[in-house]
Amino acid sequence: MGNAPSNAPTSGRRVTAAAEGDVVVFLIGMRINRWRAVRHWLPALAAMPRMLKELTQDSDSGLLGHRSLSGGPRVFTVAQYWESREKLLAYASDQAGEHRPAWAAFNRRLRSSKGSVGVWHETYIVPAGSYESIYVDMPPTGLAAAWGVEPVERRGERAAQRLESRAS
């Protein structure tokens, strides 16, 4: 999917994400509620990099890109872009992957954690025609990092034009 992302700024160029069709966005995060309860939140925090490494090393996993989002010293969030809902759900239920044992271990610790750590996730299936993007003097970020970029002129100079071009 898309072009290989680069970390170089677009150098005066205005570009848009080259995404086609539906876009799957998965947000996942945790909040440390009690700093001193390290044994409850550290394993959850350490599991995410292992899962992302596993996913990025498998080109068939369906993970197109991800980005850590800042939420303050106790909140950790990762935005993920997926090829399809089916691939996201397949990873979540894969008995041989990193996710299932990490989730099972978290649930075992949850019983004794007394609210020391909170976790959450949200999944969005964004239909074609319901998203648009623009990036100016930016390295590929978010959707553009996941799908690659193309000149903004191909989709339209204005947000309304880019939304319309994705609907067709």
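Contact is taken here to mean heavy atoms within 4.5 Å. With that in hand, the packing of helix 3 can be described for this predicted model. The buried residues of helix 3 pack against helix 1 (38-57) and strand 5 (117-126).

Before looking closer at that helix, a view of the whole chain is helpful. The chain holds 5 helices and 7 strands, and from the N terminus on its elements follow the order β-β-α-β-β-α-α-β-β-α-β-α. The C-alpha trace spans about 55 × 30 × 25 Å along its principal axes. Of the 168 residues, 37% count as buried. Among contacts with a separation of 6 or more, residues 24 or more positions apart account for 78%.

Helix 3 covers residues 99-113, which makes 15 residues. From its first C-alpha to its last, helix 3 reaches 20 Å, close to the 21 Å expected at 1.5 Å a residue. Ala102, Ala105, Phe106 and Ser113 are the buried residues to look for in helix 3. They cover an arc of only 105 degrees around the axis, and therefore sit on the same side of helix 3. An α-helix has 3.6 residues a turn, so residues three or four places apart point the same way. Turned away from the buried side, another face of helix 3 carries the exposed residues Arg108 and Arg111.

The end of this helix deserves a visit of its own. Ser113 belongs to helix 3 and is buried, with a relative accessible area of 3%. Neighbours within four places in sequence aside, Ser113 is in contact with Arg34 and His40. Just after helix 3 comes Lys114, found in the loop between helix 3 and strand 5. Lys114 has a positive phi of about 50 degrees although it is not a glycine. Because its relative accessibility is 68%, and exposed means over 50%, Lys114 counts as exposed.

A positive phi is also found at Asp137, where the value is near 55 degrees, again in a residue other than glycine. Asp137 lies in the loop between strand 6 (135-136) and helix 4. At 43% relative accessibility, Asp137 counts as partly exposed.

Attention now turns to the interior. In soluble globular proteins, nonpolar side chains tend to be buried together. The largest nonpolar core has 16 residues, and those touching the most other members are Ala19, Val23, Tyr81, Tyr135, Leu143 and Trp147. At least two residues of this core come from each of strand 1 (14-17), strand 2 (23-32), strand 4 (75-82) and helix 4 (143-147). Helix 4 gives the most, with 4 residues. Leu143 offers a good place to start exploring: residues up to four places away in sequence not counted, Leu143 touches Ala17, Ala19, Val23, Tyr81, Tyr131, Tyr135 and Gly148. A second, separate core has 13 residues, including Ala47, Leu52, Leu55 and Leu63.

Ala17 and Ala19, both touched by Leu143, are also in contact with Arg155. This arginine lies in the loop between strand 7 (149-151) and helix 5 (159-167). At 9% relative accessibility, Arg155 counts as buried. Arg155 and Ala17 are 138 residues apart in sequence, yet their C-alpha atoms are 9.6 Å apart in space. Outside its neighbours within four places in sequence, the contacts of Arg155 also include Thr16, Ala18, Glu20 and Glu150, along with Gln161, Arg162, Ser165 and Arg166.

The last feature to consider is open space. Rolling a probe the size of a water molecule over the atoms shows where empty space is left. The largest pocket has a volume of about 780 Å³ and is lined by 37 residues. Of these, Phe26, Ile28, Met48, Met51 and His99 lie nearest the centre of the pocket. Two or more lining residues come from each of strand 2, helix 1, strand 3 (63-70), strand 4, helix 2 (85-93), helix 3 and strand 5. Helix 1 gives the most to this lining, with 10 residues. Helix 1 and strand 5 thus appear twice in this account: they contribute to the lining of the largest pocket, and the buried residues of helix 3 pack against them.

Terms used. Residues are numbered from 1 along each chain as its sequence is written. This is a predicted model: local features need pLDDT of at least 70, side-chain atom pairs count only at pLDDT 80 or more; totals for chains, interfaces and linings use all residues. Side-chain values use heavy atoms; hydrogens and water are left out. The expected span of a helix is 1.5 Å times one less than its number of residues. Buried means under 20% relative accessible area, exposed over 50%, partly exposed in between (1.4 Å probe, protein chains only). The arc is that of the directions from the helix axis to the C-beta atoms. A nonpolar core is a set of buried Ala, Val, Leu, Ile, Met, Phe, Trp, Tyr and Cys residues joined through side-chain atoms within 4.5 Å. On a 1 Å grid over the protein atoms alone, a cavity is a set of points where a 1.4 Å probe fits but cannot get out, and a pocket is an open set with protein on both sides within 12 Å along at least five of seven lines; lining residues have an atom within 4 Å of a point. Grid points are joined across faces, edges and corners, and a volume is the space filled by probe spheres set on the points.
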